[in-house]
Amino acid sequence: EIHHEGAAASTYEHTLITRAGNSPRGGHTNTGPAIRATDSTIRFDHCAVADTAGKSMQATGSNLELHDTLLTRSIMGPEIDGTALIFDRSYSLELYGSDDNDGIYLHSQRAGQVIALTGCVIASGDDDGIDTLGSRITVEDCIVRDFANPAEDSKGLSVFSGEATVKKCLFA
């Protein structure tokens, strides 16, 4: 894994991260992430995280920005808790496995933090497209599709103990 803990602000530009996730397990899926952020600020710009053995990303107490970034062929998309997220013109695709294969899993953020998904595509997985737990999110101009596993209670958007503002989106 790539691990940021209490790190200075970091930027990844035009970077490919592949075949990661064979790291210490944790979080909702109990799988290791390709990228783990704790109390750090990270920006991804025109990057790809692909073909991982675990989830693409796990973050706690951090600030994340993903712009024009592809997350694909993982057990699960990003799982964040107490973290601000800008997921802009980015993709989370092809998330298959036996448990909790969400496109993105958003726990509650800290006071003043924003979670916004804009112009993104979240597609093709075995559980929920966007799964929330106590978070306040905005989803705008996004496509969420192909989360229809009959063995799971899968859905495009799951809002649990939180709030979602959804504008100009397609759920299919």
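Here are some friendly questions and answers about this predicted model.

Me: How many helices and how many strands does the protein have?
Reply: Let's start with the secondary structure. Strands are present in this predicted model, and helices are absent. The count comes to zero helices and 21 strands.

Me: Why can we say that the protein is as compact as a globular protein of its length?
Reply: The globule rule gives 16 Å for 172 residues. The radius of gyration of the protein is close to that value, so the protein is as compact as a globular protein of that length. Its C-alpha atoms fill a box of roughly 40 × 35 × 30 Å along the principal axes. The radius of gyration itself is 14 Å.

Me: What percentage of the residues counts as buried?
Reply: A residue is buried when its relative accessible area is under 20%. The protein has 172 residues to sort in this way. The buried share is 52%.

Me: What share of the exposed area do carbon and sulfur atoms supply?
Reply: Now to the outside of the protein. The protein exposes about 7,400 Å². Of that area, carbon and sulfur atoms supply 49%.

Me: How many Å apart are the mean positions of the positive and negative charges?
Reply: The protein has 13 positive and 25 negative charges. Each set has a mean position, and the two can be compared. They are 3 Å apart.

Me: Is Asp153 buried or exposed?
Reply: Asp153 sits in the loop between strand E18 and strand E19. Leaving out residues up to four places away in sequence, Asp153 touches Asp127 and Asp128. Its relative accessibility is 59%, and the cut-off is over 50%, so Asp153 counts as exposed.

Me: How far apart are the C-alpha atoms of Asp153 and Asp127?
Reply: Along the chain, these two residues are 26 residues apart. They nevertheless touch each other. Their C-alpha atoms are separated by 7.0 Å.

Me: Which residue has a side chain joined to that of His107 by a polar contact of 3.1 Å?
Reply: His107 belongs to strand E13, and at 14% relative accessibility it counts as buried. Leaving aside neighbours within four places in sequence, its contacts include Ile80, Asp81, Ile115 and Leu133. The side chain joined to that of His107 by the polar contact belongs to Glu79.

Me: Is Lys168 buried or exposed?
Reply: Lys168 is found in the loop between strand E20 and strand E21. Lys168 has a positive phi of about 50 degrees although it is not a glycine. With a relative accessible area of 62%, which is over the 50% cut-off, Lys168 is exposed.

Me: What is the relative accessible area of Arg89?
Reply: Arg89 lies in the loop between strand E11 and strand E12. Arg89 is not a glycine, yet it has a positive phi of about 50 degrees. Arg89 is partly exposed, and its relative accessible area is 39%.

Me: Where is Phe87 placed?
Reply: Phe87 counts as buried, at 0% relative accessibility. Not counting residues up to four places away in sequence, Phe87 touches several others, among them Leu66, Leu71, Ser92 and Ile104. The place of Phe87 is in strand E11.

Me: How far is Phe87 from His107 in space, C-alpha to C-alpha?
Reply: Phe87 is in strand E11, whereas His107 is in strand E13. The two are 20 residues apart in sequence. In space, C-alpha to C-alpha, they are 15 Å apart.

Me: Which residue has the backbone oxygen that the side chain of Thr69 reaches?
Reply: Thr69 lies in the loop between strand E8 and strand E9. Thr69 is buried, with a relative accessible area of 1%, and the residues it touches include Phe44, Asp45, Arg89 and Tyr91. At 3.0 Å, its side chain reaches the backbone oxygen of His67.

Me: Which residue has a backbone oxygen 2.7 Å from a polar atom of the side chain of Ser92?
Reply: Ser92 lies in strand E12 and counts as buried at 1% relative accessibility. Among the residues that Ser92 touches are Leu71, Gly77, Phe87 and Val121. The backbone oxygen at 2.7 Å belongs to Gly103.

Technical notes. Residues are numbered from 1 along each chain as its sequence is written. This is a predicted model: local features need pLDDT of at least 70, side-chain atom pairs count only at pLDDT 80 or more; totals for chains, interfaces and linings use all residues. Side-chain values use heavy atoms; hydrogens and water are left out. Helices (H or I, at least four residues) and strands (E, at least two) are DSSP runs, numbered from the N terminus. The radius of gyration is taken over C-alpha atoms; the globule rule is 2.2 Å times the number of residues to the power 0.38. Buried means under 20% relative accessible area, exposed over 50%, partly exposed in between (1.4 Å probe, protein chains only). Accessible areas come from the Shrake-Rupley method with a 1.4 Å probe; for residues, only the protein chains shown count as cover. Lys and Arg count as positive and Asp and Glu as negative; His and the chain ends are not counted. The place of a charge is taken as NZ of Lys, CZ of Arg, CG of Asp or CD of Glu. Contact means heavy atoms within 4.5 Å. A polar contact is a pair of N or O atoms within 3.5 Å; within protein, one must be able to donate a hydrogen and the other to accept it, and residues adjacent in sequence count only if both atoms are side-chain atoms.
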